[in-house]
Structures are given as C-alpha cells and as structure tokens.
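Me: I have a model open and would like to learn how to read its features one at a time. Could you take me through it?

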Amino acid sequence: MEQRSLGSQGLVVTALGLGCMGMSEFYGPTNDEESLATIHRALDLGIAFLDTADIYGPFHNERLVGRAIAGRRDQVVVATKFGNQRREDGSWVGINGRPEYVREACEASLARLEVEHIDLYYQHRVDINVPIEETVGAMAELVDQGKVRYLGLSEAAAPTVRRAHAVHPISALQTEFSLFSREPESELLPTLRELGVGFVAYSPLGRGLLAATPASLAQLGEGDFRTERYPRFMGENREQNLKLADRVREIAEAKGATPAQLALAWVLHQGQDIVPIPGTKRIRYLEENVAAVDLLLDRETLNELDEALPAGAAQGDRYADMTRVNL
C-alpha cells in the first residue's frame, strides 16, 4: 500500500490506517474473534497503522490489539492514547495531563499491548488545568527512554499544537475530518503544514453517516452510542444529513464506487500529509475501505463534492459536549 509521512521526524505509515475503537465499545455488540480476524486481514491487505487508546473498553482494546499483533510486531505502527482517564469498571475520572500520569499511563499501555515501545503516543484530550508544555515535556521523556518513538496530540487547537511543538516535535495531530467535518481546513491544517506536523483523520466516514441510509440507521443495535450521544444522528439533524449522504451516494454511483469509498478517497485527496483511519470490526467493510486507496478523483468530481457538501453543510455538532475538543 502507498506510504505517507506523518511529520518531519521520520514516521512513515500506510496511507490508510485502521481505527480499532469500535471493536471494544461505543458502536454496538463486539466479538473478539471477529475483531482479531479483521485486524489480521488488514495486515494482510497492507494496512500497517493501527489506532487504539487506553480508554476504549476501557483497557480491552489495547489488549485486543496486543493479541492481534503478537508475532507480527515488526509489520505494524501502533498508535495509542492517554489522557481520558477511566476506571476498570468503565466510570470516568476526567481528563488528566499531569506529568506523573503520563508516565503511569504509558507503562500501563505498554503492558496491555505487550510491546517494548509505542510507535505514536497521543495525548487524547488537552487538559486545560495542566500547561501543555508540562504534559509534552513528560511525553518527551518517554521518547528519551525509548518507550515511545513519536508524539501526537488529539483534538488540540492550532495555538496548542504550536506551543507543544516548541517543547518537542509533534509528528501527528489527530482530529475528526471528513466531508461532514471540514473545520480543520480553516486554521488547523495550515498551522500543521507550517510546522511540519502530519494529520490523522478519525471518523473520515462521519461515524458511518456518510454511507448511511434510513434502513441502515434503523439497524444500529443496542449499545451503539451514535443515536444517543451524537447530535448529527438525532432528529431533524439526521434527516438533513441523510439527504447529504444521498448526494454522496449519487456521485459515488457515477464513479462506480460505494459512498464509503468516495468519502475516504476525498480525504486521501486532501493532501499527502493526511492519513484517514476508518474504523470497522468487520472484514467486508475493511475490504471495501481499502479499495478507496486506488480510487482516483478528478478535479470535476472533487468540485462536485465541494459544491454538494461545503464546509458547515452537516447539521448538528460533532459531540453533544464540544467543550473537550479543539482546545
């Protein structure tokens, strides 16, 4: 698969990654054996960039990824995150960026993943009560100790990235980016490119909404938080967003592609410094997503998508509580 550089410190990953969160929580029932098979299939297809976090499960997802890469560690770039602190029973403690917690969380992630080092270590959410310089300083110590190779931030605003990067080079900034979430285009992406920081796009399919139909949304099972916690999946917002998804479907059909493939191809065409990490726990969706890497979009198609889904077209906020993102 095509390779892309994240940042200017030497981190190279595949053009498409795999988000593993839904294999443990948030998106309905899970099955470890199916998830393990999906990760193994991803590796076989050339995807060598896996994204997890300590809170997914909580803690289950890192253990799952660790099992999946056992014996194949040298084939994969492993990214995980700290900062959203949870207890073993799933209850939430809060956002924690204190230096002592950075060290504690890293040791715990290394143990669960059963690896000697983490390739890309993100602060999952910015702790407004701890200066970013202190948090990144502690993260930099992990690099010096060989426990982490590259540093990242998630859902950090441009000024925060700039301050963090002054302490230690940041290789990647992760945030939501898709035809439904184009906010990074205005300030964040230009700042990242100025600093030489790569961009990892999570939820590049709008949490599946860009490829959804009323029938598919009706099938979301118990334990799927999308219809409960994400405003874009609710009420009138959902109806308006489904109309936009229909337009994506029409353009995709004209290209002989699926809506998911078109939406992913759009993200891939936004720059060689951008790597989307669509999440799935099923092989059939994984294989569909991988095909997007080879889908070439001409200027006419890109313009058509820009016209159909300009910035701000999606109805509803990304999260019910937006106070923890873009800080």
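Me: Let's start with S35. Which helix does S35 lie in?

Reply: Helices here are DSSP runs of H or I with at least four residues, strands are runs of E with at least two, and both are numbered from the N terminus. S35 belongs to helix α1, residues 32-45. Before we go on, a word on the source: this is a predicted model, in which local features need pLDDT of at least 70 and side-chain atom pairs count only at pLDDT 80 or more, while totals for chains, interfaces and linings use all residues. Residues are numbered from 1 along each chain as its sequence is written, and side-chain values use heavy atoms, with hydrogens and water left out.

Me: Is S35 buried or exposed?

Reply: Buried means under 20% relative accessible area, exposed means over 50%, and partly exposed is in between, with a 1.4 Å probe and protein chains only. S35 has 1% relative accessibility, so it counts as buried.

Me: And what is S35 in contact with, leaving aside its neighbours within four places in sequence?

Reply: Contact means heavy atoms within 4.5 Å. For S35, the contacts beyond that sequence window are M23, L64 and K281.

Me: Now the sheet. In what order do the strands come?

Reply: Two strands pair if DSSP finds at least two bridges between them. Here 8 strands make an open sheet with parallel pairing, in the order β3-β4-β5-β8-β9-β10-β11-β12. The edges are β3 (18-19) and β12 (274-276); each has a single partner strand, so one side of each lacks a neighbour in the sheet.

Me: How many bridges join β5 to β8?

Reply: There are 4 bridges between β5 (residues 77-82) and β8 (residues 118-123), and the two strands run parallel. To find the register, look at K81, whose bridge partner in β8 is Y122.

Me: How many residues of β10 are buried?

Reply: Strand β10 (residues 172-176) is mostly covered, with 5 of its 5 residues buried. It pairs in the parallel sense with β9 (residues 148-154) over 3 bridges, and L153 stands opposite L173 in β10. On the way from β9 to β10 the chain passes through helix α5 (residues 158-167), in a right-handed β-α-β crossover. Right-handed means that, with the strands pointing away from the viewer, the path from the first strand over the helix to the second runs clockwise.

Me: What about β10 and β11?

Reply: Those two also pair in the parallel sense, over 5 bridges, with Q174 opposite V200 in β11. Together with helix α6 (residues 188-195), they make a right-handed β-α-β unit.

Me: Where should I look for backbone details?

Reply: Try the loop between β4 (49-51) and α2 (60-69), where P58 is found. A cis peptide bond joins G57 and P58, with omega about 0°. F59 is in that loop too, and its phi is near 75°, a positive value in a residue other than glycine. F59 is buried, with a relative accessible area of 11%.

Me: How many aromatic pairs does the structure hold?

Reply: A pair of aromatic rings is described by the distance of the centres and the angle of the planes. Rings of Phe, Tyr and Trp (its six-membered ring) pair if their centres lie within 6.5 Å; planes under 30 degrees apart count as stacked, over 60 as edge-to-face and the rest as tilted. The structure holds 5 such pairs. In one of them, F82 and Y121 have ring centres 5.0 Å apart and planes at 35°, so this pair is tilted. F82 is in strand β5 and Y121 in strand β8, so the pair ties together parts 39 residues apart in sequence. Both F82 and Y121 are buried. Another tilted pair is F177 with F199, at 5.4 Å centre to centre and 55° between the planes. F177, F199 and W266 form one aromatic cluster.

Me: Which ring does the charged end of R207 sit over?

Reply: A charge sits over a ring if NZ of Lys or CZ of Arg is within 6 Å of the ring centre and within 35 degrees of the ring normal. The charged end of R207 is over the ring of Y230, 4.2 Å from its centre. R207 lies in the loop between β11 (198-202) and α7 (214-218), and its phi is near 60°. Likewise, R226 lies over the face of Y27, 4.3 Å from the ring centre.
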